[in-house]
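Trainee: Please give a close look at one strand in this entry, and then follow the chain and the contacts outward from there. I would like a connected account rather than a list.

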Amino acid sequence: MPKLDKLFFKLKEIVGEANVIQDPDQLKAYAIDGKKPKVIVSPKTIQEVSKVVAQANQQRLTIVPRGNGTKMGMGGIPKKIDIILSTSRLNRITDSDCENLTLSAESGMTLNEVQKSLAKVGKGYFLPLDPPFTEKATLGGIVATNSSGPKRLLYGTARDMIIGTKAVFPNGDIVVSGGKTVKNVSGYDMCKLLIGSYGTLGILCEMTFKLLPLPEKEATLLLSFARLGEADGFAREVRSSQLIPSSIETLNALAVQKMRYSMSMPPNGNYLVAIGLEGVAESIDRQIAEMSEMGRKHGFLEAVTLDSEKHQAFWVSIRDFSQGLTETYPNLISLKSNFLISKSDEMLGSYEMIARELGIECAFICHSGNGILYSYILPGKKFRSKVESFIELIGKMTAEAAKNEGNLIIESSPLLIKKKVEVWGQSRSDYQVVRRLKEQIDPAGILNRGRFVGGI
């Protein structure tokens with residue numbers, strides 16, 4: 001029996017024939033950067049995941065973990081894909097203890113499913129994460145990429161919410177770290193090691209999170225400004241005040257124009273500052289009044305307050321901004337830069353100037369309270385003829401981020417760009433630490449080979 005047929009037989013034995021895909025036409029839909037897997041396998045339990053991984057390790061076959069595919073465009077070009085391990089059947093809440101503000105769920109559940117379930121308990125609870133594509137993004141994908149959204153200003157990221165994991169390591173071992181008690185870690189914290197590792201060290205199967213009660217009220221304050229300095233001056237004053245916004249976003253005019261949400265938006269201005277607020281109703285009303293007065297001092301043009309459905313629709317449009325662009329711009333390039341928080345206006349201003357000098361349309365959305373800037377390059381119909389200009393733009397933006405003690409990564413782009421640019425930006429000294437960890441934990445290099453920093 002040929003080696004590949006033996007693999008298919010063994011996988012079917014582990015997870016059942018119905019949960020193994022080997023049809024070439026179906027496999028095309030799972031290709032990553034043009035590379036097609038040999039088989040898709042969908043385990044139902046962590047024990048099945050363990051057996052699949054052990055089998056792959058024994059035969060030195062590479063595995064790429066996959067949830068719903070919302071993060072598959074991230075990372076470097078894979079060196080090899082033998083097996084895609086789908087977590088779609090790992091889709092249960094294994095423990096819900098809202099009274100003690102913890103929840104354990106399997107990695108294939110979507111965040112949206114979890115939020116809906118928690119909202120029905122008592123007066124309602126939630127997992128304070130708002131990454132892109134919440135409707136489809138799975139818990140495993142969110143944690144593996146440490147994906148976050150505008151609310152990270154108030155709540156932090158998955159690193160701050162997760163208190164336990166169950167994962168399968170490259171040799172097939174099931175490794176349990178942490179648990180329901182918030183302070184229970186002794187020795188090396190393995191669950192923190194897996195967060196943001198892009199599935200290169202282990203396959204996340206179950207996670208335990210901290211929860212919070214649903215806020216009494218949520219609202220948004222939108223202020224438009226003519227000049228970047230005015231918008232940034234307002235954002236700085238909010239940051240340094242005792243007010244507690246859940247998010248502070250600054251958008252350039254093109255980003256506002258391209259948003260799917262347009263209802264009740266201030267019609268004038270070159271920059272929009274969006275403040276998200278949640279908590280007790282009385283506190284929110286007071287904060288809106290105080291922030292409006294701050295904005296007036298900095299010369300805002302118009303102010304709009306959003307509540308209820310309009311508030312929710314606005315933040316979904318911010319969070320899933322790139323999703324609304326892909327149909328119009330199939331060659332969309334999405335970048336993420338980080339830098340010193342105090343340099344937000346300088347970075348946004350520099351990026352706008354770089355794009356203007358190269359004649360490239362860019363929409364910018366800045367997490368003004370976190371030192372993170374998302375850049376969306378909007379290639380026209382002549383994408384191929386301007387590839388070198390896009391590469392020059394990315395190089396200059398990366399250098400600007402590095403100058404301000406940060407970096408730039410490519411979150412998604414056409415394969416042609418990935419082949420010519422380092423998607424993880426400038427290498428840093430801690431890269432060698434990551435490489436040594438990979439060599440110790442996955443010496444055969446079977447997990448997500450080539451997709452993480454430095455091609456590990």
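Mentor: In this predicted model, Leu 251 has Leu 272 of strand S14 as its bridge partner. That pair belongs to the antiparallel pairing of S13 (residues 247–252) with S14 (residues 271–279), which are joined by six bridges. S13 also pairs with S17, again in the antiparallel sense, over three bridges. There, Glu 249 has His 367 of S17 as its bridge partner. In general, strands of a sheet pair through backbone hydrogen bonds, either parallel or antiparallel.

Next, the side chains of S13. In a regular strand the side chains alternate between the two faces of the sheet. Here Ser 247, Glu 249 and Leu 251 point one way, while Ile 248, Thr 250 and Asn 252 point the other way. All of these residues are buried. Six of the six residues of S13 are buried, so the strand is largely enclosed by the rest of the structure.

The loop that leads into S13 from helix H9 holds Pro 245. Is Pro 245 buried or exposed? Its relative accessible area is 8%, and the cut-off for buried is under 20%, so Pro 245 counts as buried. Leaving out residues up to four places away in sequence, Pro 245 touches Leu 153, Leu 154, Val 238, Ile 275, Gly 276, Leu 277, Gln 287 and Met 291. Among these, Ile 275, Gly 276 and Leu 277 fall within S14, the strand that pairs with S13. As a distance reference, the C-alpha atoms of Pro 245 and Lys 192 are 27 Å apart, with their positions 53 residues apart in sequence.

Two of the residues touched by Pro 245, Val 238 and Met 291, lead to a helix pair. H9 (residues 228–240) and H11 (residues 281–297) have axes that come within 9 Å and cross at roughly 145°. The crossing is right-handed. H9 contributes Phe 234, Glu 237 and Val 238 to the contact, and H11 contributes Met 291, Met 294, Gly 295 and Lys 297. By class, the residues of this contact are four nonpolar, one polar and two charged.

On the other partner's side, S17 (362–367) brings in helix H14, whose buried residues pack against S17 among other elements. Those other elements are S16, H13, S18, S19 and H15. The buried residues of H14 are Val 387, Phe 390, Ile 391, Leu 393, Ile 394, Met 397, Thr 398, Glu 400 and Ala 401. An α-helix has 3.6 residues a turn, so residues three or four places apart point the same way. For H14 (residues 387–403), a rise of 1.5 Å a residue gives an expected span of 24 Å for its 17 residues, and its end C-alpha atoms are 24 Å apart, which agrees. After H14 comes Glu 405, with a positive phi near 65°.

That backbone angle has counterparts elsewhere in the chain. Most residues other than glycine have a negative phi. Asn 448, in the segment after helix H16, has a positive phi near 50°. With a relative accessibility of 4%, Asn 448 is buried. Arg 60 has a positive phi near 55° and sits in the loop between H3 and S3. Its relative accessibility is 48%, so Arg 60 is classed as partly exposed.

Arg 60 gives a way into the surroundings of H3 (residues 46–59). An open sheet of four strands has the order S1-S2-S4-S3, with mixed pairing. S1 (20–21) and S3 (63–66) are its edge strands, each with a single partner, so one side of each has no neighbour in the sheet. S3 and S4 (residues 83–86) run parallel and are joined by four bridges, and Ile 63 has Ile 83 as its bridge partner in S4. H3 packs on this sheet, touching S2, S3 and S4, and its direction makes about 170° with that of S4.

H3 also lies across S8, S9 and S10, at about 50° to S8. These strands belong to an open, antiparallel sheet of five, ordered S5-S6-S10-S8-S9. Its neighbouring strands are turned by 10° against each other on average, direction ignored. S8 and S10 pair over six bridges, with Gly 164 opposite Thr 208 in S10.

Notes. Residues are numbered from 1 along each chain as its sequence is written. This is a predicted model: local features need pLDDT of at least 70, side-chain atom pairs count only at pLDDT 80 or more; totals for chains, interfaces and linings use all residues. Side-chain values use heavy atoms; hydrogens and water are left out. Axes are lines fitted to C-alpha atoms, for helices over the stretch in contact, and angles run from 0 to 180 degrees between N-to-C directions. Helices (H or I, at least four residues) and strands (E, at least two) are DSSP runs, numbered from the N terminus. A crossing is left-handed if the near helix is turned anticlockwise from the far one by less than a right angle, and right-handed if clockwise. Contact means heavy atoms within 4.5 Å. Ala, Val, Leu, Ile, Met, Phe, Trp, Tyr, Cys and Pro count as nonpolar, Asp, Glu, Lys and Arg as charged, and the others, Gly among them, as polar. Buried means under 20% relative accessible area, exposed over 50%, partly exposed in between (1.4 Å probe, protein chains only). Two strands pair if DSSP finds at least two bridges between them. The expected span of a helix is 1.5 Å times one less than its number of residues.
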